[in-house]
Amino acid sequence: MSQSTFAAVVLAAGSGTRMKSTLPKVMHPIAGRPMIAYPLDALTPLTPAAMIVVVGPRMSEVARVVAPVETVVQDPALGTGHAVRQATRALNGRLAPHGAIEDVLVLYGDTPFLATETLSRLVTERRRTAAAVLVAGMRPVDPGPYGRFVLAADGALERIVEAADASPEEQAIGLVNGGIMVIEASRLEEFLDAVRSDNAKGEFYLTDIVGIARRKGLSCRAAELPAEELIGINTRAELAEAEALMQRRLRRAALDAGVTLIAPETVFLSADTRLGRDVVVEPNVIFGLGVEVGEGARIRSFSHLEGATVGAGAIIGPFARLRPGAILEEEVHVGNFVEVKAARLGAGAKANHLSYIGDSDVGARTNIGAGTITCNYDGFNKFRTIIGEGAFIGSNTALVAPVKVGDGAIIAAGSVVTRDVAPDTLSIARGKQVDKPGRAAEIRDRLRRKN
Ligand code: UD1
Ligand code: MG
């Protein structure tokens with residue numbers, strides 16, 4: 001069956017009060033990506049006929065993150081039923097029976113573990129069973145804040161009672177609302193019109209449409225799914241649990257793809273981290289967004305990488321920091337306490353100890369001595385340092401940008417280089433050494449007599 005005749009509505013307008021945050025709940029990241037990106041990713045392969053994200057009035061950054069997906073503003077946020085109402089207005093005329101959209105799939109923006117295949121199955125299932133409303137349920141260890149499913153004797157769904165409104169008997173129900181609903185599009189507006197706000201929270205609950213449909217003599221169904229897929233995030237504690245679960249999945253995927261993680265539980269990955277075959281990641285490494293590591297590279301302990309490309313066979317760390325725009329070609333060595341930002345290091349280049357290389361281009365096989373700093377910033381502007389191939393930069397050199405060092409040049413240790421150095425040139429830019437034989441002993445004698 002073609003899936004293209006359903007509309008998807010993702011709710012993200014809630015204030016997220018329980019997060020106690022100025023950031024909208026759906027912008028809180030999981031594995032580096034805002035939570036809202038996950039349900040949208042799950043939906044996209046199904047090419048819904050329309051996709052709408054309902055946002056709050058001060059959520060322009062949510063709109064920016066979800067673009068080009070359309071957003072509608074719900075102001076004020078009067079509940080999930082009210083939120084879907086704003087979306088149906090935007091779908092004006094496109095819902096059956098006047099339009100081609102047969103189903104409306106409603107998801108919550110705070111439910112990041114949904115799989116595409118599940119969403120597809122739920123739409124198919126509603127059509128197959130001709131239920132007016134199909135809702136995905138789960139049995140979490142702690143049903144706590146979730147809406148409870150009240151089932152009829154034959155297992156059909158009778159109504160959903162929100163936790164805040166549930167009687168003690170209803171509180172004890174283990175099957176709860178996982179937050180995915182598929183609704184017969186031709187009836188959705190009629191259901192929403194009947195939703196009232198006379199409940200514990202004074203909100204228009206979307207979940208009330210089940211009882212409303214039943215009172216109209218229509219059938220509703222519950223589809224049980226693994227709890228892991230339906231976890232909703234309302235608090236920082238749940239956010240931390242979701243992060244842990246996402247990390248376990250990402251590590252597992254890396255291991256399955258031929259990456260060695262010596263202590264997987266200590267390595268933190270981003271949703272977009274790409275690690276090649278036979279990459280070895282030592283314990284306690286953090287991958288921020290936008291990192292790609294080529295085959296056989298080794299990332300040693302306590303390194304932090306973000307927005308960086310690491311070539312095949314490179315060795316990074318321990319204690320290395322790769323910042324956005326670091327491009328290390330194959331067999332590069334970046335050692336302890338070396339920071340690289342917006343810089344390319346050509347194949348086989350080495351910076352093994354205590355350096356800052358920023359806004360730079362370093363040629364192949366060049367050796368950057370311990371303590372070398374590219375002085376790229378004058379407090380107002382950034383400047384580039386260009387170093388050729390096969391050069392040798394002595395320890396504790398300051399390269400004051402903008403500056404160029406030619407191929408094969410040697411810079412003496414302790415130099416402060418302020419002018420360009422031609423290829424194959426030895427450049428010494430430091431104070432001359434002055435030796436005074438015997439003077440040290442004299443000074444020591446004098447001081448001893450005084451004290
Ligand atoms: C909701 C369900 C509950 C279910 C749980 C699953 C309702 C009334 N309750 O509860 O049955 O078990 O999700 O995770 O639907 N939102 C809006 N506008 C609003 C209110 C909320 O867009 O006016 C959005 C929120 O941003 C959020 C989603 O809807 O992404 C769900 O809202 P939330 O407050 O988290 O509902 P829960 O209490 O988790
Ligand atoms: Mg929620």
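# A guided tour of a two-domain predicted model

Begin with the contact between the two domains, where 14 residues of domain 1 meet 13 residues of domain 2. The model is a predicted one. To see both parts, colour residues 6-230 as domain 1 and residues 236-427 as domain 2, following the domain assignment of the protein chain. Their centres, taken over C-alpha atoms, are separated by 44 Å.

**The largest nonpolar core**

Select F287, L322, V334 and L345 next. Within the largest nonpolar core, which has 56 residues, these four touch the most other members. Then add the elements that each supply at least two residues of this core: the helix α9 (236-256), together with the strands β19 (308-310), β22 (326-328), β23 (333-345), β24 (350-362) and β30 (403-405). The greatest contribution is that of α9, with six residues. Because domain 1 and domain 2 both give residues to this core, it lies between them.

Centre the view on F287 and display its surroundings. Apart from neighbours within four places in sequence, F287 is in contact with V267, F268, L269, S270, T273, L275, V281, V293, I299 and L305.

**Helix α9**

Now isolate α9. Its 21 residues should span 30 Å at 1.5 Å a residue, and the distance between its end C-alpha atoms is 30 Å, so the two agree. Show the side chains of E238, L239, A242, L245, M246, Q247, L250, R251 and A254, which are the buried residues of this helix. An α-helix has 3.6 residues a turn, so residues three or four places apart point the same way. Which elements do the buried residues of α9 pack against? They pack against β2 (29-30), α1 (37-43), α8 (227-230), β12 (260-261) and β13 (274-275). Following the helix, select G258, where phi is positive, near 95 degrees.

**The magnesium ion**

Select ligand 2, the magnesium ion. Its coordinating atoms come from D110 (OD) and N234 (OD1), at 2.2 to 2.3 Å. These two residues link distant parts of the chain, 124 residues apart: D110 is in the loop between β6 (103-108) and α4 (116-129), whereas N234 is in the loop between α8 and α9. Are D110 and N234 buried or exposed? Both D110 and N234 are buried.

**Two loop residues**

Move to S303, in the loop between β17 (298-299) and β18 (304-305). With a relative accessible area of 2%, S303 is under the 20% limit and is therefore buried. Beyond its neighbours within four places in sequence, S303 is in contact with N284, V285, I286, I316, G317, P318, F319 and A320.

Continue to A412, which occupies the loop between β31 (410-411) and β32 (416-417). A412 also counts as buried, at 10% relative accessibility. Measure from its C-alpha atom to that of I428: the separation is 5.0 Å, although the two residues are 16 apart along the chain. Not counting residues up to four places away in sequence, A412 touches G394, T397, S427, I428 and R430.

**Cysteines**

Finish with the cysteines. How many disulfides does the structure hold? The count is zero. Select C220 and C375 to compare their surroundings: C220 is buried, with a relative accessible area of 1%, whereas C375 is partly exposed, at 27%.

Terms used: Residues numbered from 1 in each chain as written. Chains lettered and ligands numbered in written order. Predicted model: local features only at pLDDT ≥ 70, side-chain atom pairs only at ≥ 80, totals over all residues. Heavy atoms only, no water. Core = buried A, V, L, I, M, F, W, Y, C linked by side-chain atoms within 4.5 Å. Buried < 20%, exposed > 50% of the residue type's maximum accessible area, 1.4 Å probe, protein only. Helix = DSSP H or I, 4+ residues; strand = E, 2+ residues; numbered from the N terminus. Domains from an automatic or database assignment. Contact = heavy atoms within 4.5 Å. Disulfide = S-S within 2.5 Å. Expected span 1.5 Å × (residues − 1). Donors = N, O, S within 2.8 Å, 3.2 Å for Na, K, Ca; no water.
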